[in-house]
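Let's take a walk through this structure together. Have the sequence and the 3D view open side by side as you read.

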Amino acid sequence: MAKKYFFHNIYGDAQNLIDTAPEDVICIPAGWSPEAETNRNNYIDLLGIGGVQGYPCIVYWENEKEVTFTPDEGPDAGTTFNRTVAAGWKTLGIYGPGKENWTWTDILDNINEGTPPEGTPGA
């Protein structure tokens, strides 16, 4: 599998996840020092993701996949649609109510991790 990138607040609000991160996870602090922000921005540029929505957040590679969905409401209710989701770096925010006690098992169970093509930045 590919490396995963764990963006977290520099103040340690995800200390348990930092301390127990698997070997293929790179922990990237973000915070109020110019050095931390430069480091964070360098990883964001390397991955080409444009940023993260909040902290903590895991960024991982997901292979192309087909998804099927059927709206429950609106003019297309009951119609099944198929869509191809392109491969690329995806994010999973690990913040908000109920996520303060997440473990790496929880995180890995909630991502559909793939393997980026050789030569992919950040792989």
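Which residues lie nearest the centre of the largest pocket? They are Asp13, Ala14, Leu17, Lys99 and Glu100, out of 13 that line the pocket. Before going further, a word on the ground rules: this is a predicted model, in which local features need pLDDT of at least 70, side-chain atom pairs count only at pLDDT 80 or more, and totals for chains, interfaces and linings use all residues. Residues are numbered from 1 along each chain as its sequence is written, and side-chain values use heavy atoms, with hydrogens and water left out.

Back to the pocket. On a 1 Å grid over the protein atoms alone, a pocket is an open set of points where a 1.4 Å probe fits, with protein on both sides within 12 Å along at least five of seven lines, and a lining residue has an atom within 4 Å of a point. The volume of the largest one is about 160 Å³, counted as the space filled by probe spheres set on the points, which are joined across faces, edges and corners. Its lining has six nonpolar, four polar and three charged residues. Here Ala, Val, Leu, Ile, Met, Phe, Trp, Tyr, Cys and Pro count as nonpolar, Asp, Glu, Lys and Arg as charged, and the others, Gly among them, as polar.

Now for the overall layout. The chain has three helices and six strands, taken as DSSP runs numbered from the N terminus (H or I, at least four residues, for helices; E, at least two, for strands). Along the sequence they follow the pattern β-α-β-α-β-β-β-β-α. The C-alpha trace spans about 50 × 35 × 25 Å along its principal axes.

Strand E1 (residues 4-9) is a good place to start. Five of its six residues are buried, meaning under 20% relative accessible area, with over 50% being exposed and partly exposed in between (1.4 Å probe, protein chains only). E1 runs parallel to strand E2 (residues 25-30), with six bridges joining them; strands pair if DSSP finds at least two bridges between them. Asn9 has Ala30 as its bridge partner in E2. E1 is also joined to strand E3 (residues 57-62), this time antiparallel and through three bridges, and there Phe6 is partnered with Ile58.

Phe6 and Ile58 also turn up in the largest nonpolar core, a group of twelve residues that includes Leu17 and Trp102. Such a core is a set of buried Ala, Val, Leu, Ile, Met, Phe, Trp, Tyr and Cys residues joined through side-chain atoms within 4.5 Å. E3 and H3 are the elements that give two or more residues to this core. Apart from it lies another core, of nine residues, among them Ala2, Val59, Trp61 and Trp89.

Zoom in on Trp102, in the loop between strand E6 (88-93) and helix H3 (104-109). Is Trp102 buried or exposed? Trp102 counts as buried because its relative accessibility is 15%. Leaving out residues up to four places away in sequence, Trp102 touches Asn16, Leu17, Leu92, Ile94, Ile107 and Asn110, a contact being heavy atoms within 4.5 Å. Asn16 is 86 residues from Trp102 along the chain, yet their C-alpha atoms are separated by 9.1 Å.

One last stop: Tyr55 and Pro56 are joined by a cis peptide bond, with omega about -5°. Pro56 sits in the loop between helix H2 (34-47) and E3. Most peptide bonds are trans.
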